[in-house]
Protein chains: 2
Amino acid sequence: MSIAADLIRGNTDMIILAQLMNQDSYGYRINSRIRSATDQRYELKEATLYTAFRRLEEAGYISSYWGDEDSGARRRYYSITPQGKLAYQKMLEDWKIANDLISRLITPESDCTTEAL
Amino acid sequence: MSIAADLIRGNTDMIILAQLMNQDSYGYRINSRIRSATDQRYELKEATLYTAFRRLEEAGYISSYWGDEDSGARRRYYSITPQGKLAYQKMLEDWKIANDLISRLITPESDCTTEAL
DNA sequence: CGCAATACCTCGCCTGTCAAGGTATCTACT
DNA sequence: AGTAGATACCTTGACAGGCGAGGTATTGCG
């Protein structure tokens with residue numbers, strides 16, 4: 001994957017919550033969706049994914065339950081909580097703000113000579 | 001500051017290099033610029049700033065020299081190297097890509113029912 | 001003289017990422 | 001029956017970046 005690994009750091013939680021805004025889902029599927037949504041250009045490492053689940057559950061942003069599939073491997077489903085939805089909204093706002101700030105910082109005005117030291 | 005701390009992680013180097021694209025500068029001033037460019041909403045913590053300088057110099061992206069001011073505290077000026085400029089361009093590209101990917105991931109299509117499991 | 005502002009720096013902790021390893025189930029092929 | 005691959009879960013330990021807390025030195029002001 002290589003691309004944008006560290007850049008996405010700090011957005012993992014938001015990405016996972018976003019996936020759960022639609023509907024309950026489980027680890028493997030969430031990652032598949034991320035992969036397809038990014039044309040195979042990005043995915044969460046499993047360790048990262050499952051640590052994030054623990055963290056989000058700890059924070060009360062998601063809750064989990066075992067699926068009752070009668071075939072295939074067992075799945076642990078995650079559901080976003082009301083607090084999780086709030087947190088997601090907040091993360092979205094923060095992300096937009098951060099983006100705005102960063103874009104200001106990496107496209108500096110060319111004029112620097114006139115300003116005082 | 002609070003806002004967007006972890007979100008900017010991984011962008012620190014790019015931000016610093018961007019400041020040096022214009023002209024040589026020094027730690028304190030770079031941070032002042034960041035503060036004013038963001039309307040006082042963001043700044044690098046000093047520890048973060050100076051570790052970044054070490055890291056960037058180590059990588060060969062910047063070089064440093066002591067200013068010859070005959071008044072005021074001594075200043076260590078930093079200059080971006082040709083490699084640094086290349087790295088900066090690359091970081092910019094990566095940032096754009098990462099942004100594109102993230103925005104895809106946090107604004108999911110509402111239709112999910114039709115697709116195969 | 002003391003204080004604020006400018007200007008630099010380091011140590012050590014915390015947190016998030018991830019390589020590496022592990023488990024179990026089901027399908028398909030040999 | 002064996003085995004390979006996909007699905008699906010999980011943990012441990014190392015590493016890197018951010019940053020709180022602490023430090024130094026200079027200048028100017030009241």
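## A cavity, an interface and two DNA strands

Let's start on the inside. Sorted by class, the residues lining the largest cavity are 8 nonpolar and 4 polar, with no charged ones. Keep in mind as you look around that this is a predicted model.

How do you find a hole like that? Rolling a probe the size of a water molecule over the atoms shows where empty space is left. Here the structure turns out to hold 1 cavity of 30 Å³ or more, and the volume of the largest cavity is about 90 Å³. Now look at who lines it. From chain A you'll find Leu7(A), Asn11(A), Trp95(A), Ala98(A), Asn99(A) and Ile102(A), and from chain B come Leu7(B), Asn11(B), Trp95(B), Ala98(B), Asn99(B) and Ile102(B). If you'd rather think in elements, α5 (82-106) of chain A and α5 (82-106) of chain B each give at least two residues to that lining.

With both chains lining the cavity, let's see how they meet. The contact involves 42 residues from chain A and 41 residues from chain B. The size of an interface is often given as the accessible area lost when the parts come together. For chain A and chain B, that buried area is about 4,000 Å², with 63% of it on carbon and sulfur atoms. Over on chain B, three residues stand out: Leu7(B), Leu105(B) and Ile106(B) supply 18% of the area that chain B buries against chain A, more than any other three residues. You've met Leu7(B) already, as part of the cavity lining.

Time to move on to the DNA, beginning with strand C. There are 25 residues around DNA strand C, and those that come nearest are Arg9(A), Thr12(A), Tyr28(B), Arg75(B) and Arg76(B). Of the strand's atoms within 4 Å of the protein, 72% belong to sugar and phosphate. You can pick out some of the phosphate contacts yourself. A backbone N or O atom of Tyr28(B) sits 2.6 Å from a phosphate oxygen of DNA strand C. Arg54(B) uses a side-chain N or O atom, 3.0 Å from a phosphate oxygen of the strand, while a polar side-chain atom of Arg55(A) is 3.3 Å from a phosphate oxygen. As for elements, α4 of chain A, along with α3 (27-37), α4 and β3 (76-80) of chain B, each supply at least two residues of the surface near DNA strand C. That surface divides into 9 nonpolar, 7 polar and 9 charged residues.

Now swing over to DNA strand D. Of the 22 residues around it, the nearest are Tyr28(A), Arg75(A), Arg76(A), Arg9(B) and Thr12(B). Within 4 Å of the protein, 73% of the atoms of DNA strand D are sugar or phosphate, and the rest are from bases. Which parts of the strand do individual residues touch? A polar backbone atom of Tyr28(A) lies 2.7 Å from a phosphate oxygen of DNA strand D, and a polar side-chain atom of Arg75(A) lies 2.4 Å from a phosphate oxygen. Glu46(A) goes for a base: an N or O atom in its side chain is 2.8 Å from a base nitrogen of DNA strand D. Looking at elements, α4(A) gives the largest share of the surface near this strand, 4 residues. By class, the surface near DNA strand D comes to 9 nonpolar, 5 polar and 8 charged residues.

Terms used: Residues numbered from 1 in each chain as written. Chains lettered and ligands numbered in written order. Predicted model: local features only at pLDDT ≥ 70, side-chain atom pairs only at ≥ 80, totals over all residues. Heavy atoms only, no water. Near = heavy atom within 4 Å. Polar contact = N/O pair within 3.5 Å; in protein donor to acceptor, adjacent residues only side chain to side chain. Nonpolar A, V, L, I, M, F, W, Y, C, P; charged D, E, K, R; others polar. 1 Å grid on protein atoms, 1.4 Å probe; cavity = no way out; pocket = protein on both sides within 12 Å on 5 of 7 lines; lining within 4 Å. Points joined across faces, edges and corners; volume = space filled by probe spheres on them. Contact = heavy atoms within 4.5 Å. Buried area = accessible area lost by both parts, 1.4 Å probe.
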